[in-house]
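User: I should like to go through this structure by question and answer. Please begin with the end of one helix and proceed from there.

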Amino acid sequence: MEECCGIFGIFAPGCDVSKLTTYALYALQHRGQESAGIALSNGQNICLRKGPGLVSELLPKFKELEAIPAVSAIGHVRYSTTGDARPENAQPLLISYRHGSMAVAHNGNLVNGEELRERLEKEGSIFQTTTDSELIAHLVARYGYSDLESSLKGVMPYLHGAYSFLFLTEDKLICMRDPYGIRPLSLGQWQGHHVLASESCAFDTIGAEFMRDVDPGEMIVIGEEGLKSIQVLPTHRKALCIFEFIYFARPDSNIGGANVHLVRKELGRRLARECPADADVVTGVPDSSMAAASGFAEESGLPYETGLIKNRYIGRTFIQPSQQVRDIGVQLKLNPVQKVVEGKRVVVVDDSIVRGTTSKRLVDMFFRAGAREVHLRISSPPVVSSCFYGIDTPTYEELIGYQRQVEEIRAKIGATTLGYLSQDGMLGAIGLPEDNFCVACFSGDYPI
Ligand code: SF4
């Protein structure tokens, strides 16, 4: 499962907004490593720098923006789904239309994107990318209102799916979030100026304070005159992606008032109660499962050990979609600590099993390193459905949890025992109302 994107926006006239945006993108790098970009406004024009690669690899380009006395900026880091890795899809997108210029960046996926695109193409639109950002730019350009805010309000009811959008014009920073709030978006304050980000860890990095999450269905317009909030669409049901807590978000981020690290630890505690193991030592798969593993160890009274080492110097771009390369990637990325696991009954805690190929390899690695037994514990329920809201998931048939019982999955993976946390256990660990979340990849119950 891979996140699609991270976004950041700042409106701070006279401040070093390009540097702040670069730092924020560093903090959001875990949400996408394929391309990055910054669009910056000096009040009259918008400049754009973007390209393939990590934020660190694009620094020379971003540094060019530092010479511009800026008012505001938006930034984007991107992970593309398979077959969608075209360089022109890097964001933000910059377009000129009859009312000026506009840069767009987004996180999420419109479920009616293809339908809207087809309609626009029939009416004469020509697309250069396959992104929802370009789609919305076309819709806005056609809408006919003289200001972007009115156009977006008119367009929003036609958009179905998961989205958090940022728009930058010469004099405004605008965000909007889908009425289910599937993809996260938070509002913060930096030295009296407003900032927006996919995750609060970006605020911490630049010294900004978290103010609140952007409400589902809300549009926020930030300009010289301050901040204006408009509830464009009503919210009938919130559906934040629960995978933010399980895997995507950084542990130091807070979402909906809950800290991601503490939630993961609680997932591990509940997992230990639901699926105990007769074992000698507990270890976690770095990085997202370390907190759950420590919670499991605490609850079960077993010692916690670092049993797997992650090579942090292998970029994601190296581990790209072909199955052959993915196989090598697992071995390059993770290696067990032989002296820790040799002759032991080891509990290995992981956050999820998707295809099962990585889990099988992990289990094999532990046995090869001398583990006597490998008890695999998963801090979420079996993934049984694909995601249509912007997360790259395999097809149903490729999901090991699709139409298989736990014992069948265990046999395929080769673990001594296998245990998953229940859906109730997972929701209980977060401590927020259950109907706040999308859990469709575990339940098949899609909010849209
Ligand atoms: Fe998140 Fe799964 Fe819902 Fe997609 S289907 S938004 S991955 S919970």
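**Helix end, core and surface**

Analyst: In this predicted model, helix H14 is followed by Gly431, which has a positive phi, near 75°.

User: Which residues of H14 are buried, and against which elements do they pack?

Analyst: Helix H14 spans 423-430. Its buried residues are Gly425, Met426, Leu427, Ala429 and Ile430. These buried residues pack against H7, strand E16 (258-259), H8, E23 and H15.

User: Which helix gives the most to the largest nonpolar core?

Analyst: The largest nonpolar core has 47 residues, and Ile242, Phe243, Phe245 and Phe442 are those with the most contacts inside it. Several elements each supply at least two residues of this core, among them strand E14 (240-241), helix H7 (243-248), helix H9 (290-300) and strand E20 (345-350). With five residues, the element that gives the most to this core is H8.

User: Which residues does Phe245 contact, leaving aside its neighbours within four places in sequence?

Analyst: Phe245 is one of the residues with the most contacts inside the largest nonpolar core. With neighbours within four places in sequence left aside, its contacts are Leu240, Ile255, Ala258, Val260, Val263, Arg264, Ile430, Leu432 and Phe437.

User: Is Phe388 buried, partly exposed or exposed?

Analyst: Phe388 lies in the loop between strand E21 (373-378) and helix H13 (406-413). Together with Val111 and Ile448, Phe388 makes a nonpolar surface patch of about 230 Å². Buried requires under 20% relative accessible area and exposed over 50%. Because its relative accessibility is 40%, Phe388 counts as partly exposed.

How values were computed. Residues numbered from 1 in each chain as written. Predicted model: local features only at pLDDT ≥ 70, side-chain atom pairs only at ≥ 80, totals over all residues. Heavy atoms only, no water. Patch = residues over 30% accessible without salt bridge, like charges linked within 9 Å, V, L, I, M, F, W, Y side chains within 5 Å. Areas by Shrake-Rupley, 256 points an atom, 1.4 Å probe, with all protein chains shown as cover. Salt bridge = Lys/Arg side-chain N within 4 Å of Asp/Glu carboxyl O. Helix = DSSP H or I, 4+ residues; strand = E, 2+ residues; numbered from the N terminus. Buried < 20%, exposed > 50% of the residue type's maximum accessible area, 1.4 Å probe, protein only. Core = buried A, V, L, I, M, F, W, Y, C linked by side-chain atoms within 4.5 Å. Contact = heavy atoms within 4.5 Å.
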